[in-house]
Amino acid sequence: MGKLWSLGCRIYQRYEEAIVYLVFGVLATAVNILIYGICAGPLAMSTFWSTSVAWVLSVLFAYGTNRTWVFKSKSRGAAAWKEFFLFVGCRVFTYFTDVGFMWAAVDLCGARFVPVRYMLLWELAAKFASNVIVVVLNYIFSKLIIFKKKKS
């Protein structure tokens with residue numbers, strides 16, 4: 001058991017950033033899908049507005065968790081604001097990816113091929129699939145653009 005624990009610790013140390021990003025990415029995805037489900041279900045909002053509200057709330061959640069626990073940013077003042085606007089700016093790109101995916105999956109395909117009684121389930125499955133793509137793109141943007149490590 002000790003060797004297994006030691007191996008697990010070494011793997012975690014080596015891939016800590018990616019592992020923690022994945023954990024918070026799953027949580028941000030859960031926030032996104034939950035908010036979308038509330039907006040599209042009980043609130044009967046359109047796909048566009050449900051996606052948009054879910055995006056805003058999940059981006060705010062993701063920024064806080066990415067800044068604090070994933071990339072451990074120490075930026076303050078103007079540098080922190082620059083970081084925030086870069087974060088939101090990159091997320092705008094993936095917002096359009098999400099909106100386009102949801103429009104195609106729900107408004108085009110779902111409306112034509114999915115029975116009404118299964119539509120919310122279809123929307124939530126589409127939202128999950130869209131979030132997989134978005135999480136990967138967001139990690140790339142976060143790692144290479146937003147929270148990049150400064151060279152010593």
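**Exercise 1. The surroundings of N32**

Task: In this predicted model, determine which residues N32 is in contact with, leaving aside its neighbours within four places in sequence.

Solution.
Step 1. Locate the residue: N32 belongs to helix α1.
Step 2. Search for heavy atoms within 4.5 Å, the cut-off for a contact. Once neighbours within four places in sequence are set aside, N32 is in contact with A54, W55, S58, D98, K127 and N131.
Step 3. Consider the accessibility of N32. Its relative accessibility is 3%, and buried means under 20%; N32 therefore counts as buried.

**Exercise 2. A salt bridge beside N32**

Task: D98 and K127 both appear among the contacts of N32. State how the side chains of D98 and K127 meet, and establish which helices hold them.

Solution.
Step 1. Compare the N to O distance with the limit. A salt bridge requires a side-chain nitrogen within 4 Å of a carboxyl oxygen. For D98 and K127 the distance is 2.5 Å, and their side chains meet in a salt bridge.
Step 2. Place the partners in the chain. D98 lies in helix α3 and K127 in helix α4, which covers residues 119-146; with their positions 29 residues apart, the pair links distant parts of the chain.
Step 3. Assess burial. D98 has a relative accessible area of 3% and is buried. K127 is also buried, at 0% relative accessibility.
Step 4. Recall the principle: side chains of opposite charge can pair when their charged atoms come close.

**Exercise 3. The other salt bridges**

Task: How many salt bridges does the structure hold? Describe those formed by E83 and by K72.

Solution.
Step 1. The total is 3 salt bridges.
Step 2. Examine E83. Its partner is R67, and the closest N and O atoms are 2.4 Å apart. Because E83 lies in helix α3 and R67 in helix α2, this pair ties together parts that are 16 residues apart in sequence.
Step 3. Check the accessibility of this pair. E83, with a relative accessible area of 6%, is buried; R67, at 13%, is buried as well.
Step 4. Examine K72. It forms a salt bridge with E16, with 2.9 Å between the closest N and O atoms. K72 is in the loop between α2 (47-70) and α3 (77-113), while E16 is in helix α1 (residues 2-40); the two are 56 residues apart, and they link distant parts of the chain.
Step 5. Check the accessibility of this second pair. K72 has 42% relative accessibility and counts as partly exposed. E16, at 26%, likewise counts as partly exposed.

**Exercise 4. The contact of α1 with α4**

Task: Describe how the axes of α1 and α4 cross, and classify the residues of their contact.

Solution.
Step 1. Begin with the axes: those of α1 and α4 come within 9 Å and cross at roughly 145°. The crossing in which α1 passes α4 is right-handed.
Step 2. Identify the residues that meet. On the α1 side they include Y21, G25, N32 and Y36, and on the α4 side they include L124, K127, N131 and V135.
Step 3. Sort the residues of this contact by character: 10 are nonpolar, 6 polar and 4 charged.
Step 4. Extend the view from α4. Its buried residues, among them E123, K127, N131 and F141, pack against α1, α2 and α3.

**Exercise 5. The nonpolar cores**

Task: Which elements give two or more residues to the largest nonpolar core, and which element gives the most?

Solution.
Step 1. Begin with the members. This core has 18 residues, of which Y21, V70, F71, F87, I146 and F147 touch the most other members.
Step 2. Assign the contributions. The elements giving two or more residues are α1, α2, α3 and α4. The most come from α2, which gives 5 residues.
Step 3. Inspect one member. Not counting residues up to four places away in sequence, F147 touches Y63, N66, R67, F71, S73, E83, F87 and S142. These contacts include R67 and E83, the partners of a salt bridge.
Step 4. Note the other core. Apart from the largest one lies a core of 11 residues, among them I35, M102, A105 and V114.

**Exercise 6. The overall picture**

Task: How many helices and strands are in the protein, and what share of its residues is buried?

Solution.
Step 1. The protein has 4 helices and 0 strands, and from the N terminus on its elements run α-α-α-α.
Step 2. Of the 152 residues, 38% are buried.
Step 3. Consider contacts between residues at least 6 apart in sequence: 73% of them join residues at least 24 apart.

Methods:
Residues numbered from 1 in each chain as written. Predicted model: local features only at pLDDT ≥ 70, side-chain atom pairs only at ≥ 80, totals over all residues. Heavy atoms only, no water. Buried < 20%, exposed > 50% of the residue type's maximum accessible area, 1.4 Å probe, protein only. Core = buried A, V, L, I, M, F, W, Y, C linked by side-chain atoms within 4.5 Å. Axes fitted to C-alpha atoms, helices over the stretch in contact; angles between N-to-C directions. Left-handed = near helix turned anticlockwise from the far one by under 90°. Nonpolar A, V, L, I, M, F, W, Y, C, P; charged D, E, K, R; others polar.
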